[in-house]
Amino acid sequence: MPQTPQNLDAAAVRAWCAKALEALGREREDIDAINVYPVADGDTGTNLYLTVESAALAVEAVFTAHETRAGLPDVHDAVRAMAHGALIGARGNSGTILAQLLRGIADAIGAGEPLPGALRRAAVLARDAVAHPVEGTILTVAGAAADAAGAVEPPWATVPAARAAYEGARTALDATPGQLPALGRAGVVDAGGRGLLAVLGALVAAVSGEEPAAPAPLRHGVLPAPGTACAPGGPAFEVIYLLDADDTAVARLRTRLDALGDSLVVVGGDGLWNVHVHVDDAGAAVEAGVEAGRPHRIRITHFAAAPAPAPAPGPDTGEGPARRAVVVVVPGEGLADLCAAAGATTVVARPGEPPASGELVDAIRRTGAREVVLLPNAAELRHTAAAAADQARAEGIRVALVPTRAAVQGIAALAVHEPDRRFDEDVVAMTAAAGATRHAELTVAERQSWTSAGICQAGDVLGLIDGDVAVIGTDVTATATAVLDRMLAAGGELVTVVLGEEIPGDEVPALLERHVRDTYLAVDTVTYHAGRGSPLLLIGVE
C-alpha cells in the first residue's frame with residue numbers, strides 16, 4: 001500500500017484546520033449574507049465556522065495528547081480527529097455536509113489513498129448522505145473539486161492536486177446561479193459551496209505555503225430580504241441531533257425523516273451519527289431519533305422566529321432599566337477575580353487553550369442579561385467572539401462586541417462601563433477607552449528566530465508593542481523599562497502593568513512605577529497580579 005505523501009502529514013492537517021477556521025472567520029458574515037438556499041436564514045457562514053472550529057479543537061487535542069508522550073500524531077490520527085470533531089460539532093445543512101466530506105477524506109487517507117482519491121470518496125459520501133441531492137450546491141462544488149484533482153498526474157502530487165481541486169471548485173461555484181433558480185433570482189453563488197471553497201483554499205495554503213488566487217466576489221446582484229428566495233410554505237423547524245445507533249436503525253430513520261420533511265442529511269458512521277432535517281413537526285423528528293437509538297445534543301430552530309431586539313434603556317418607569325452585563329475573556333485567574341469584582345462575567349483563556357465560541361455563548365447566557373458587552377481581549381479571538389455574538393443574538397440577546405486585542409484594553413473598557421446609561425452610549429465609551437489604550441506584552445523566546453527588532457536567541461526577553469517585537473533584552477525589568485519608554489514617547493496618562501505568576505513579589509512593579517514617576521510628569525501607574533496561566537507581563541498605556 002502506498003504511503004501518504006510527506007506534505008500531507010499531521011502538521012499539514014493541523015495547519016489546514018487553522019487556516020480554514022481563519023478563512024471562514026474572515027468570510028463568515030459575507031457567506032451568511034448570500035445564504036438563500038435551502039432556507040434564507042442567513043447562517044451558513046456561521047454554521048461552517050462553528051463546524052470547522054470543532055474540527056480544529058479536536059485536532060489540537062490530539063496534538064496535546066501526543067506532546068505529553070513526547071511525540072507527534074501521524075496523519076491518520078490527525079484526519080480522524082478532524083472528521084470526528086466536525087461530526088460532533090456540525091451545524092446546519094452545509095456544516096453537516098462538510099462534516100461528511102471530511103469523514104470521506106479521513107477514511108480515504110486512512111486507507112492510503114492519495115488526495116484525489118480522498119476528495120472523490122468525500123464527494124461520493126456527502127452526496128449519499130443527502131436524501132435528495134440538488135445541483136448548484138456544495139455537493140456540486142465538491143464533485144467538481146474531486147474531478148479536477150483526479151485529472152492530475154501523478155495522483156500522489158499533493159500540491160498540484162490541491163490547487164486543481166481549488167480551481168475546479170471555483171469554476172463550479174461561479175456556475176451555481178445558473179443551476180439553482182433560487183440563486184439565480186438572488187444573484188448570488190451558493191453559500192455552502194463558497195464556504196467549501198474557503199476550506200479548499202486553506203488546504204492549498206497548508207500544503208504549498210502559498211495562498212491561492214482570490215475567488216470572484218460573492219454577490220452578482222441585489223440580495224433579497226431573508227425568506228424571499230425560499231419556496232412558500234416550507235418547513236417551520238430545523239432539527240439537528242447526534243445519534244448513537246447502528247446502521248440498520250439509521251436506514252429506517254432516513255426513510256421516516258424523509259417522509260416528515262426535507263433537507264435531510266444524515267452523516268457519520270461507526271455508531272455515531274449527525275442528523276439534520278427541516279420539518280413542521282419537530283417533536284416527531286426527535287421521536288424518530290429516540291426509536292432509532294439515543295439522540296443527544298438536540299437543537300431545534302424555528303425559521304420564522306425572528307428574535308425581538310431588547311429595548312434600549314429609557315427613563316425610569318418603575319420597572320428598572322434592562323439588565324446589562326459584560327463578558328470578558330481574561331488570561332489568568334487573578335484577572336478573572338479582578339474583573340468579577342467589577343461585575344463582569346469571566347472566561348479564563350489558558351495557554352494554548354483559547355475558548356471556543358460555545359464557551360463564550362454559555363457565558364453570555366449565564367449572565368441572564370438582555371444586553372451584553374463582549375470583550376474578547378485577543379486579536380486571534382475576533383472571529384470566535386463574532387460567531388458567539390451572532391449565536392446569542394439569534395436567541396434574542398442584544399450583544400455588542402468591543403474588539404479588544406489585549407487584557408489591558410479590556411480593563412480600560414471595563415473601567416468606564418456604566419450600566420445605567422443607554423446601551424449604545426456605554427458601548428461607544430467602552431470602545432473609545434479600549435481604542436485609546438496601546439498594549440504591550442513581554443514573553444521569553446523559545447528558540448532563535450528573526451523578528452522585526454532583529455535576531456533573538458532562546459531565552460531572550462521579547463517586548464511586543466501592539467503585536468510586533470520592538471525590544472529584545474535579557475532582563476525582564478530592563479526590557480519592560482525600554483518598552484515603557486517607547487510607548488510613553490507618544491504621551492500617556494495612565495500606565496497599567498499586569499504581572500504573571502512568573503514575576504512574584506513587588507520588586508519589578510516597584511521599579512517600573514519608580515521609573516515612570518521619575519521620568520514622566522503626571523503619569524500614574526497601577527499594577528495587577530494576573531496569577532496562574534497569564535502572560536509574563538502586560539503593559540497598557542492610556
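Trainee: Why is Thr384 called buried?
Mentor: Buried means a relative accessible area under 20%, exposed means over 50%, and partly exposed is in between, with a 1.4 Å probe and protein chains only. Thr384 has 6%, so Thr384 counts as buried. Keep in mind that this is a predicted model, where local features need pLDDT of at least 70, side-chain atom pairs count only at pLDDT 80 or more, and totals for chains, interfaces and linings use all residues. Residues are numbered from 1 along each chain as its sequence is written, and side-chain values use heavy atoms, leaving out hydrogens and water.

Trainee: Which residues is Thr384 in contact with, leaving aside its neighbours within four places in sequence?
Mentor: Contact means heavy atoms within 4.5 Å. With those neighbours set aside, Thr384 touches Tyr49, Glu53, Pro355, Ala356, Ser357 and Leu360. Thr384 itself belongs to helix 14, residues 382-394. Helices here are DSSP runs of H or I with at least four residues, strands are runs of E with at least two, and both are numbered from the N terminus.

Trainee: On to helix pairs. What makes helix 5 roughly antiparallel to helix 6?
Mentor: Two packed helices are described by the angle between their axes and the distance between the axes. Helix 5 (residues 115-129) and helix 6 (residues 138-150) have axes that come within 8 Å and cross at roughly 155°. That makes the pair roughly antiparallel. The cut-offs are under 35 degrees for roughly parallel, over 145 for roughly antiparallel, 65 to 115 for roughly perpendicular, and oblique for the rest. As for the axes, they are lines fitted to C-alpha atoms, for helices over the stretch in contact, with angles from 0 to 180 degrees between N-to-C directions.

Trainee: How many nonpolar, polar and charged residues are in the contact of helix 5 with helix 6?
Mentor: There are 9 nonpolar, 3 polar and 3 charged residues. Ala, Val, Leu, Ile, Met, Phe, Trp, Tyr, Cys and Pro count as nonpolar, Asp, Glu, Lys and Arg as charged, and the others, Gly among them, as polar. Helix 5 brings, among them, Pro116, Leu119 and Arg120, while helix 6 brings residues including Leu139, Thr140 and Asp147.

Trainee: Now the sheets. What makes strand 2 and strand 4 edge strands?
Mentor: Strands pair if DSSP finds at least two bridges between them. Strand 2 (261-269) and strand 4 (294-302) each pair on one side only. Their open sheet has 4 strands in the order 2-3-1-4, with antiparallel pairing. Its twist averages 10° from one strand to the next.

Trainee: How do you know that strand 2 and strand 3 pair?
Mentor: They share 7 bridges, in the antiparallel sense; that is set against the minimum of two. As one example, Gly269 stands opposite Leu272 in strand 3. Helix 3 (residues 75-89) packs on this sheet, at about 35° to strand 3, and helix 4 (residues 92-110) packs there too, at about 30° to strand 2.

Trainee: What is the strand order in the sheet of 6 strands?
Mentor: The order is 13-12-9-16-14-15, and the pairing is mixed. Strand 14 (residues 494-500) runs parallel to strand 15, joined by 7 bridges, with Val498 partnered by Tyr528. Strand 9 is antiparallel to strand 16 over 5 bridges, and also to strand 12 over 5 bridges. Glu441 has Leu538 as its partner in strand 16 and stands opposite Leu464 in strand 12.
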